[in-house]
Amino acid sequence: MKSYFRTLGFAALVAVVASCGSFKKSDDKAPEAAADTVVAVTPKVSVAQVGMRDVIQSGTYTSTVKAYAVNNIAPQSASRIKKIRVEIGDFVHAGQVLAEMDIANLQQVKLQLVNDSTELARIQGLFEVGAVSKSDLDQMKLAYNVRKTSYDNLKENTILRTPISGVVTARNYDKGDMYSMQQPLYTVQQITPVKLLVGISESEYTKVKKGDAVSLTVEALPGQTFKGTIDRIYPVMDAATHTFTVEVKVPNTDRKLRPGMYAKVVVTFGKNHSVIIPDKAVVRQQGAGDKFVYVLNEDGTVSFRKVVLGVRMDNEYEVLEGVNDGDKVVIDGHLRIRDGIEVEVVE
């Protein structure tokens with residue numbers, strides 16, 4: 001009886017093992033069946049048709065605001081300062097008196113000039129009646145002219161005037177000082193207009209011309225933009241920096257710009273008629289710095305093209321090379337595509 005039960009238990013165990021084996025074999029075939037049902041999916045992309053447009057060409061540079069003209073006011077020779085008429089920060093006009101030096105020498109020469117004038121008139125009368133020769137008259141005229149020139153020169157160096165309109169930026173002496181000829185008595189800077197010297201790359205030399213529009217901003221006056229023009233183009237290149245200098249003139253009628261201010265200058269060179277593409281179309285290659293776009297072909301495939309970009313305008317780029325007017329470029333779906341692959345275009 002015990003032998004019978006042992007035989008029955010063994011038979012049941014064999015049946016269970018066989019059953020497990022059959023289930024495992026069936027599972028092994030399942031992945032193969034699933035693999036046979038995989039279907040290739042065409043990547044979906046969005047595209048934009050590109051066109052041509054005028055693009056303003058410009059460059060941004062840094063510079064420093066300078067006075068349009070600087071004049072150092074000083075007498076020709078050492079003398080005592082009698083009067084001080086203006087102070088630092090005062091705005092002065094051309095011809096305005098700034099200071100007066102000791103006038104003793106001027107008064108002495110003035111008396112001599114009056115005497116020479118009287119003598120010249122006397123000689124002129126005598127010559128007219130034949131009492132003196134022509135050479136005597138010419139000699140007196142020469143003496144008078146020399147004295148007049150001396151007086152005018154001394155007057156100019158006694159009563160000091162500014163030859164330009166501007167702001168007084170330095171006063172190096174006080175009333176009663178003896179002018180020592182080491183420093184100017186005053187410095188006057190013309191700030192209406194002002195100028196800036198801008199170094200531009202030699203590659204832009206043929207694009208720049210006198211009268212080109214310029215705009216600038218200064219850190220000291222945030223949010224304000226000033227307009228100017230190129231007033232002068234220097235004729236030589238800097239061999240070390242490969243740049244040439246242009247002089248920018250800014251009217252500065254409100255006198256907000258002051259010499260020494262740091263400025264960012266935008267120089268406008270003209271316009272290009274170029275292809276414009278969305279920024280979203282540009283694919284940037286890591287490390288190399290190259291730029292590419294995917295262009296949709298007529299057969300529904302895409303081509304991977306290298307492009308040369310120009311000016312950036314908000315969310316668009318000017319294209320100098322690589323894309324033609326009317327091309328359709330991929331703007332969404334780049335990660336799912338590669339060169340030559342067929343794509344499906346969606347809105």
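**Exercise 1. Decide whether D212 is buried or exposed, and describe its surroundings.**

Solution. D212 has a relative accessibility of 6%. Buried means under 20% relative accessible area, so D212 counts as buried. This value, like those below, is computed from a predicted model.

Next, place the residue in the chain: D212 sits in the loop between β8 and β9.

Then look for a polar partner. A polar atom of the D212 side chain lies 2.9 Å from the backbone nitrogen of K209.

Finally, list its contacts, setting aside neighbours within four places in sequence. D212 is in contact with K207, G228, T229, I230 and T268.

**Exercise 2. Find which residues of the largest nonpolar core touch the most other members, and which element gives the largest share.**

Solution. The largest nonpolar core has 25 residues. Those that touch the most other members are L196, I200, L216, V218 and L257.

Now turn to the elements. Two or more residues each come from β2 (51-73), β8 (186-201), β9 (213-218), β10 (226-238), β11 (243-250) and β12 (262-278). The largest share, five residues, is given by β8.

Take I200 as a sample member of this core. Apart from neighbours within four places in sequence, I200 is in contact with Y61, V208, H242, T243, F244, V246, V267 and F269.

A second core, separate from this one, has 15 residues, among them I164, Y173, Y179 and V188.

**Exercise 3. Work out which strands stand at the edges of the open sheet of three strands.**

Solution. Begin with the order of the strands, which is β3-β5-β6, with antiparallel pairing. β3 (81-84) and β6 (159-161) each have a single partner strand, so one side of each is left without a neighbour in the sheet, and these two stand at the edges. On average, neighbouring strands of the sheet are turned by 20 degrees against each other, direction ignored.

For detail, take one pairing. β3 is joined to β5 (residues 97-101) by three bridges. K83 has E100 in β5 as its bridge partner.

**Exercise 4. Trace the pairings of β7 with β4 and with β8.**

Solution. Start with β4 (residues 91-92), which is joined to β7 (residues 166-171) by two bridges, the strands running antiparallel. Here F91 stands opposite V167 in β7.

Go on to β8. Its pairing with β7 is also antiparallel and spans four bridges. T187 in β8 is the bridge partner of A170.

**Exercise 5. Classify the aromatic pairs Y173–Y179 and Y294–F304 by the angle between their planes.**

Solution. The structure holds four aromatic pairs, including these two. In the pair of Y173 and Y179, the centres are 5.4 Å apart and the planes are at 70 degrees. Planes over 60 degrees apart count as edge-to-face, so this pair is edge-to-face. Y173 and Y179 are both buried.

For Y294 and F304 the centres are 4.7 Å apart and the planes are at 35 degrees. Planes under 30 degrees apart would count as stacked, so this pair is tilted instead.

Then locate the two rings. Y294 lies in β14 (residues 291-296) and F304 in β15 (residues 302-313), so the pair ties together parts 10 residues apart in sequence. Y294, at 9% relative accessibility, counts as buried, whereas F304, at 33%, counts as partly exposed. Together with F292, these two residues form one aromatic cluster.

Conventions:
Residues numbered from 1 in each chain as written. Predicted model: local features only at pLDDT ≥ 70, side-chain atom pairs only at ≥ 80, totals over all residues. Heavy atoms only, no water. Core = buried A, V, L, I, M, F, W, Y, C linked by side-chain atoms within 4.5 Å. Buried < 20%, exposed > 50% of the residue type's maximum accessible area, 1.4 Å probe, protein only. Contact = heavy atoms within 4.5 Å. Polar contact = N/O pair within 3.5 Å; in protein donor to acceptor, adjacent residues only side chain to side chain. Pairing = 2+ DSSP bridges. Axes fitted to C-alpha atoms, helices over the stretch in contact; angles between N-to-C directions. Phe/Tyr/Trp six-rings, centres within 6.5 Å; stacked < 30°, edge-to-face > 60°.
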